[in-house]
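Me: Could you take a close look at one part of this model for me, and then set it in its wider surroundings? I would enjoy a connected walk through it.

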Amino acid sequence: MARKQAIPTSAAQLSNAFDRRAFVLGMGQASVGVLLAVRMGYLSLAEQAKYKAASESNRVNLTLIPPRRGWIVDRNGAALASNRADFRVDIIPDRLVDAESTVDRVATLLSLPPDKVADLKDKLDKSHGFRPVEVAANLGWEQYAAISVRQPELRGVIPQRGYSRYYPTGAVVGHVTGYVGPASAEDYEKERNPLLITPGFKIGKDGLEKYFDQRLRGTPGARRVEATASGHVVRELGTREDIPGLPVKLALHGPLQDYAARRIGLESGTVVVMDCRTGDLLAMASMPCFDPNSFSDGIGRIEWKMLSDDDHVPLRNKVLRGLYPPGSTVKPMVALSFLEAGLDPHATVVCNGGLRVGNRVFHCWNHRGHGVVDMEKGIYQSCDVYFYYFAQKMGMDAIAAMASRLGLGQEFPLPVAGQSYGTVPSPAWKMRKYHKDWAVYDTVNATIGQGYFLLNPLQMAVMVSRIASGRKLMPRMLFEDQNPRFEPLGIPEEHLELVRRAMTEMVNGAGTGHRAQLPIPNVQLAGKSGTAQVVGLNVGNGKGGIWNHRDHGHFMCFAPADNPRYACSVTIEHGGGSGAAMPVARDVMTYIFDPAKAMAALEDLERQWGGNVEQRMAAKYDAYAAQYGANAPKAANEEQVAETVADDNKPVAEPSTAQTDAATPAPEPEVAPSPVPTVAAPPAAPASASPVVLPHAGTTP
Amino acid sequence: MKRAYVPRVIAAQPWGVIFPLFLLVLFGGAVLYSAAGGSLRPWAGMHVARFIVFLGMAIGISHMPQNWFKRAAFPIYGTLCVLLVLVEALGKIGGGSQRWLNLGFMTLQPSELMKPGIVLVLAWFYDSLPPSEIRGWRAIVPAGILLAFPAGFVILQPDLGTALAITFGAVVIMFLAGLPMRWFAGGGLAAAIAGPIAFFTLLHDYQRKRVFVFLNPESDPLGSGYHITQSKIAIGSGGFFGKGFGNGSQSHLDYLPESHTDFVFATMAEEWGMLGGLFGLAVFAIVLRYGLKVAINAPDRFSKLLAAGMTATIFFYMAINLMMVMGLAPVVGIPLPFMSHGGSSMMTIMVCFGTIMAVERWSRRPGGLS
C-alpha cells in the first residue's frame, strides 16, 4: 500500500471502472468469438480435403478377403493340402479395449478349454499392433453366431467365415507339405503387404508351403462396407472375389506315402520310394511328424510339450536332414568301384572272422568267419573281411569317386528348404578338413560305411535307383508330364548285373536278407541291408538298452529284381539294426504290387501299436492334456518354432577331430532283432539329441 | 419495440434476443433429431420442450424484485455449499464419483447451480462493500473465501471444468468490481507459478492425460485423443455447406463420441458446415452482447455485476465447449448452451439468462431499490 495518500475510491469511480472493464471484457469475448470463427474456417475450409478423406476412411471399411490357397496334390490329383470353409475368430490386439475381460468373454462364448485360454493369453502378451491373433478356427455356426451378434460389445474381436488350410492325410505328409501360419512381424516388415496382417491369412512356414508360397497364395478379394466405429456393418458397398492360388502337383503317390508313413509305426525313421525310370519321388515319409493341421492352427502348449518331450525329433525331416552312417549299404557301391578299378570278381579272400592289418585285427561282423569269399558272396553275406582286404588294394580314391557317381555327398535340385548332404570321405577331403594323412583304418572304416561316411536317406534311395537303372537318375518332387532322359552312368552293364545279382541273392538266396522277401509271386526284391553303429561296443551292444544308443537300421532295395522299376530306401533310427528296416521295406514294396495284402499286414501291426498315426497322436494329446492341461509350459511363438525346426534340421556335425581308430562292424541280422521298443517312448533324452557317430569302437591291438 | 396491441407481459420481453435464441434452440433440436437417426426421441423433442419450460422459468425469475435477489443471495449460496458437502459425503458412501443428488423428481447437480450462485453472492458482496474498501484486503479475502470453498469442493469431486467455470465467473466479478489491477497481475503470476505445480501434484492422472493428449491428440488415437480427432474430422469434413441434414457419417456411425451432448457442435458442423457454425456464433454474439449491454445500462452496482457475471458464465460455457470441439482446449465435460442435450446445464443457463432479463427489467422500471 505505497500510495496510501490516494483519495478513497468513490462509487462513481467504481462505476466508471466498471464501464471500462466491461468494455475490455466485451472485447475479450469478441476476440474469442473471432478466434473460434477463424478456427472453424481453418478446419472446414483450409483443411477440408484432409478431414473429408479421414471421414471417408472412417466410414468405409475395406476388408481384404484372404485368398484361397492353391492346393498341393499328389500325382493323381488327390489333395495333400486343400482348403475347407470354416468359421474363425481372431483378435486384433490394438483394437482391444479391455483385453482381460474380452478374452474371458470370448473364451466363455466359445467354451475354450483352460490350456487354449492360456495359449491365447500368451499369444496376446507377446503380440502387438495390428497383427491378428487367432482365437479359434473350425468353429461351428452357433459359436460363430454367438460372437457375431455380440461384436459391438467385443471390440477388437473379429469373427469371420473363410477358408482354412486342411491336410486330409495329416501328419503323414507334414514334412513334405510343411505347414502354414500367420505372418510374423519380420515377414510383414519385409513385404509391407496389408494382406499379411489380414485376419485369417496365412503364409507357408515350412516345406513346399514355404517354397511355393507366392505361387500358392493367390490374389485377395476385398469387401467394402459402411461400418460403425464399433465395427457393426451398416451396409455392403461392394465385393471383389478372391482369386485362388495356383496348385502344386507333386510326383508323390499319396496312398503310398500314407502307407509308408504308417508302416514306420512307433519307430523313428524314413521311407523313400523312387521310380527307377523317371526319378519321381513316390514317397518320402519321415516319422514321427507333427500334424500340419494343428500346426497351422497355431501351436498350443500341449502340442509344444509333446514335441519337446519327444526324443524322436518329430520336427526334423529326416529324409533330407537326417544324416546317418550307411553301414553295409555302401558295399554294392564299393564293389562297383572295385570292378571299375579292375578287380576280378572271382578273386577270393578267406574270412576267418577278422583281418590283421598292421598290428591290429579288424573283425568281421561274423566272428566265426565266412570261409572263402568272392565278390558276390562278399555282398550277399556282407562279409567285412572281403572289403577290408580288397579296399586296401584298390584304394579309397576309387571308392570315393564311385560314391559321388552314385549320388552320395550330393545335393539335388529339389524344391525344399535345404538338404544335409553328408560326407563322402577321401584322402583329399581328410587333408582339407583335418590336415591329417589318410590312414589304412580310414579306408577300412569307410568300406563298411562307418567312420566319416554320412549320408541321408534320399541319397541312399538315389544310390540304389542308380544301381538298379544304370542311369544317372535325379530325384524329382514335382510332377511333370514328360519323362526325363537320364544319361547312363558309364558303368559297364556286366558290373551292374553282378551287383544286382548279388543283391537279389541277398534277399532271395544265400544272403542275410530273407526277411525282406516279397510275398508276391513272380516278383523278387533285390536289396542290401546295413547296420550302423551309433556308440562304441564299450558303451552298448547296439541292440537294446538306451534307445539312442541302439544301432541304426538301413535297407535299400529295388523291385522287380530282374527289371527294376521301383527303388526304396528305409532307415530306422536306433532300430537296433537292419532287421528293423527290412520288414518295412518289404511291406512298402508289397503295397506297390498288392495294396490289399500290404494293408492287411499293416492293420495287424497297427492293432498292436494302438491305432494308426492319427489315433495314436490323438491319444497322446489327450494323455498330455489330462496330465498338464493349462499348466504345461508356454508354447513357443513363431520365431522359436522356426528356430527349433532349424535346430532340429541342422546336419549332424562332422567330428571336429580326426578319428584315430577302426570301427567295429555291427552284426548283420541273423542275430534276432531287438523286440519292438516299448510303446511309451521314454521322454528322458532332450529332443535335440542327435545321433552322433562315435568315431571309435573297441578293437584289439 | 412499440407494440401497443400486444399484452404488456409479452411485449415486455426482450424479443430481439429470445427470438434468435429460440431459432438456435430449434436448430439444436434439428441437430439432435438427426443425431438420433431422424427421430424426435429421445433428445430433440425433450430439448425444445425443456427450453420452453425453462424459458418460462427464466421469465418468472425476471419478474422477481431486486431485493429478493439481494436477500436470497447468501442463503442460496449457503444452501448450495451444504449440498456440495452432502454430495461429496454421499458420493464417498456410494463409492463412485456421483455428483448429483437424487431428489426423486429430478437429479440435482449442486456444482452446476453454483456457477450462477457464486456470481450472485459476489455481486451481493461487492455491492455491500463500501467503495472505499475496494483497494484493501477486505475486498479480496472474504471474496476469496466465498470462492475457495465451492471451487475446492468441486475440484475434489473431481470436476475440473466446473471448478474453472465457477472460478471464471468469480474472477470476472472481481475484475468488474474494480479490484486493483495489481491483484490480477499478481494472481496471474501466482497462477503461472502454481499452475504447473498443481498440474503435476493436484490433478488426477486422467486429467493430466487429457491435457497431454490435447497437446498431441495423435499420441492416443484410440483413447482420449480420439474425441478431439474425431470431432475435428467431423467439423473439417463438413466444409462450408456441410454434408446435408441427416448425412453426417461421423455422428451416425458413432465415430463422434457424445454426439448429442458435449460434441453436439461437431455433429451440427458436419451436416450444416461452417454456415451452421457461423449462425450459432452469431446467436451467441447476440445473446452475449445483450447481456453486456444490460450490465452496462443497469442502474446500480449490484445489477451491473450480476448481469455481467451471468453473461460471463454463459460465455465461459460457450467458449470452452467450442474451443474443445475445435481442438483448441483439452477435453473437459462442458456442454454447449442451447444446443447440447441435458437438463441440468440448460437449467443453469436459463437461470443466468433469466437473471439478465431481470436486471433489464430493473433498468426499465427505475423502481428498483437503491
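Does V173(A) count as buried or exposed, and how many C-beta neighbours does V173(A) have inside 10 Å?

Reply: Happy to, keeping in mind that this is a predicted model. V173(A) counts as buried, because 27 C-beta neighbours lie inside 10 Å and the cut-off for a buried residue is 20 or more. As for its place in the chain, V173(A) sits in the loop that runs between β5 (157–166) and α6 (174–177) of chain A. If neighbours within four places in sequence are left aside, the contacts of V173(A) are L80(A), Y167(A) and Q257(A). You can also look at M287(A), which is 114 residues away from V173(A) along the chain, while the C-alpha atoms of the two are separated by 9.5 Å.

From there, let us turn to the nonpolar cores. The largest nonpolar core has 144 residues, and V271(A), V272(A), V273(A), C557(A), C568(A) and A585(A) are those with the most contacts inside it. Both domain 1 (61–249) and domain 2 (254–648) of chain A supply at least three residues each to this core. Take V271(A) as an example: not counting residues up to four places away in sequence, its contacts include A260(A), I264(A), C568(A) and V588(A). A second, separate core has 122 residues, among them A177(B), A269(B), Y290(B) and A312(B).

That brings us to chain B, which has 14 helices and two strands. Of its 370 residues, 51% count as buried. Among the contacts in chain B between residues at least 6 apart in sequence, 70% join residues at least 24 apart. A helix pair worth viewing here is α12 (residues 264–297) and α13 (residues 301–325) of chain B, whose axes come within 9 Å and cross at roughly 165°. An angle over 145 degrees counts as roughly antiparallel, so α12(B) and α13(B) are roughly antiparallel to each other. Their crossing is left-handed. Residues of α12(B) that take part in the meeting include F265(B), F284(B), L288(B) and L292(B), and those of α13(B) include A307(B), I314(B), F315(B) and M318(B).

Finally, here is how the two chains meet. Chain A brings 37 residues to the contact and chain B brings 41 residues. On the side of chain A that touches chain B, the elements giving two or more residues are α1 (11–46) and α2 (48–59) of chain A. Of these, α1(A) gives the most, with 20 residues.

Terms used:
Residues are numbered from 1 along each chain as its sequence is written. Chains are lettered from A and ligands numbered from 1 in the order in which they are written. This is a predicted model: local features need pLDDT of at least 70, side-chain atom pairs count only at pLDDT 80 or more; totals for chains, interfaces and linings use all residues. A nonpolar core is a set of buried Ala, Val, Leu, Ile, Met, Phe, Trp, Tyr and Cys residues joined through C-beta atoms within 7 Å. A residue is buried if 20 or more other C-beta atoms lie within 10 Å of its own, exposed if 12 or fewer, and partly exposed in between; C-beta atoms are placed from the backbone. Domain bounds come from an automatic or database domain assignment. Two residues are in contact if their C-beta atoms, placed from the backbone, lie within 7 Å. Axes are lines fitted to C-alpha atoms, for helices over the stretch in contact, and angles run from 0 to 180 degrees between N-to-C directions. Helices (H or I, at least four residues) and strands (E, at least two) are DSSP runs, numbered from the N terminus. Angles under 35 degrees count as roughly parallel, over 145 as roughly antiparallel, 65 to 115 as roughly perpendicular and the rest as oblique. A crossing is left-handed if the near helix is turned anticlockwise from the far one by less than a right angle, and right-handed if clockwise.
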